[in-house]
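Subject: Structure for you to look at

Hi,

Here is the structure I promised to send over. Have a look at it first, and my notes follow below.

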Amino acid sequence: MRLEITKPDDWHLHLRDGAVLRDVVPAAARQFERAIVMPNLKPPVTTVAEAEAYRRRILDAVPAGESFDPLMTLYLTDRTPPSEIEAAKRSAAVHAVKIYPAGATTNSENGVTDWGLIRETVAEMARVDLPLLMHGEVTDAEIDVFDRERVFLERHLSPLCADFPNLRVVLEHVTTADSVAFVRSAGDNVAATITAHHLLWNRNELFRGGIRPHAFCLPVLKRERHRQALVEAATSDDASFFLGTDSAPHARGRKESDCGCAGIYTAHAALELYAEAFEDAGALDKLESFASHRGPDFYGLPRNEGKVSLVREEQEIAAELPYGDEVLIPMRAGEKTRWRIAD
Ligand code: DOR
Ligand code: ZN
């Protein structure tokens, strides 16, 4: 069986920086034409000038003959001035702003500590129509880690949507039935990305035969009923749900540790993994809309003209992949995917 679709884009991707760009950029460029690139570097990408320089470093790592268009984002801090938002809107490189509640995830220590401090900056985003992308979890230690996304909806997203009814918002990597319901009932200006790992795994994967650091990401995997809600949303006709891998590479030793980092690497086989989830749901006919149409429609960009073909043939996944001087462990390491991309 062969499935030809419009070349997809990844609307949520971590590429990191420096020498590892040569290891992770080619994997993304192989299957995606464009990607929204996350700004949680150390130090974070907070200005248009930094985003433009980072974009050039990414482009230097694109293999000759491949096309890949990195769509940059700014990292919102307590001190991002409204003038930087206006500059971002004018720049051709920057397409959105990302909010990390401080302490929510990898490299979020410069994130927002108080939503009151960012009001004017967010108002400017609404005014110039620049999307706000959210890591949607509260960070209070007393909130159960499995409830942090649901509580975020009540405490932050709901009031924000009421205050800025026209602001374009993407709730990134949604993991719960609650988020799916919220996005469904919100206006067309509120969308969500869904990862391949949250479509394929529930929280049992974290403890399958022992503790599995390579299945740890944030927001953490949830129970089966939530996974099913994500599959329903992704395979529905609702234009608010589109592809964002959240592929997040970390060196093996940083994950296999007594305090391992959050992040699952899927860029090596993302489309193949999504195809499995859609096939399992009997919805392969919806993959193109989810992967290639709804994202550019939301961002106001043209759909891609190129095509990519998936064939239903097994593909072996390496046990580890190079990552600078180290290695990373990809999703499905040492196992197979049911699909592969045709040469
Ligand atoms: O699992 C995650 N990894 N979630 C995030 O929000 C960040 C990401 C990363 O940068 O490693
Ligand atoms: Zn992410």
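Let me begin with the empty space inside: the largest cavity holds about 110 Å³. Keep in mind that this is a predicted model. Seventeen, written 17 in my notes, is the number of residues lining that largest cavity, and those closest to its centre are H14, T105, T106, L218 and D246. Sorted by class, the lining of the largest cavity has nine polar residues, five nonpolar and three charged.

How many cavities of 30 Å³ or more are there in the whole structure? The search turned up two. The second largest one has about 40 Å³ of space. Around this second largest cavity you'll find T175, H198, W201, L221, K222, R223, H226, R227 and L230. Helix α8 (residues 224–234) gives the largest share of that lining, with three residues. The classes in the lining of the second largest cavity come out as three nonpolar, three polar and three charged.

Now for a pair of helices. Helix α10 (residues 270–280) and helix α11 (residues 287–299) have axes that come within 9 Å and cross at roughly 140°. Because of that angle, α10 counts as oblique to α11; the cut-off for roughly antiparallel is over 145 degrees. On the α10 side, the contact is made by L271, Y274, A275 and F278, while α11 brings L287, F290 and A291. By class, this contact has seven nonpolar residues, with no polar and no charged ones.

Happy browsing!

Conventions. Residues are numbered from 1 along each chain as its sequence is written. Chains are lettered from A and ligands numbered from 1 in the order in which they are written. This is a predicted model: local features need pLDDT of at least 70, side-chain atom pairs count only at pLDDT 80 or more; totals for chains, interfaces and linings use all residues. Side-chain values use heavy atoms; hydrogens and water are left out. Axes are lines fitted to C-alpha atoms, for helices over the stretch in contact, and angles run from 0 to 180 degrees between N-to-C directions. Helices (H or I, at least four residues) and strands (E, at least two) are DSSP runs, numbered from the N terminus. Angles under 35 degrees count as roughly parallel, over 145 as roughly antiparallel, 65 to 115 as roughly perpendicular and the rest as oblique. Contact means heavy atoms within 4.5 Å. Ala, Val, Leu, Ile, Met, Phe, Trp, Tyr, Cys and Pro count as nonpolar, Asp, Glu, Lys and Arg as charged, and the others, Gly among them, as polar. On a 1 Å grid over the protein atoms alone, a cavity is a set of points where a 1.4 Å probe fits but cannot get out, and a pocket is an open set with protein on both sides within 12 Å along at least five of seven lines; lining residues have an atom within 4 Å of a point. Grid points are joined across faces, edges and corners, and a volume is the space filled by probe spheres set on the points.
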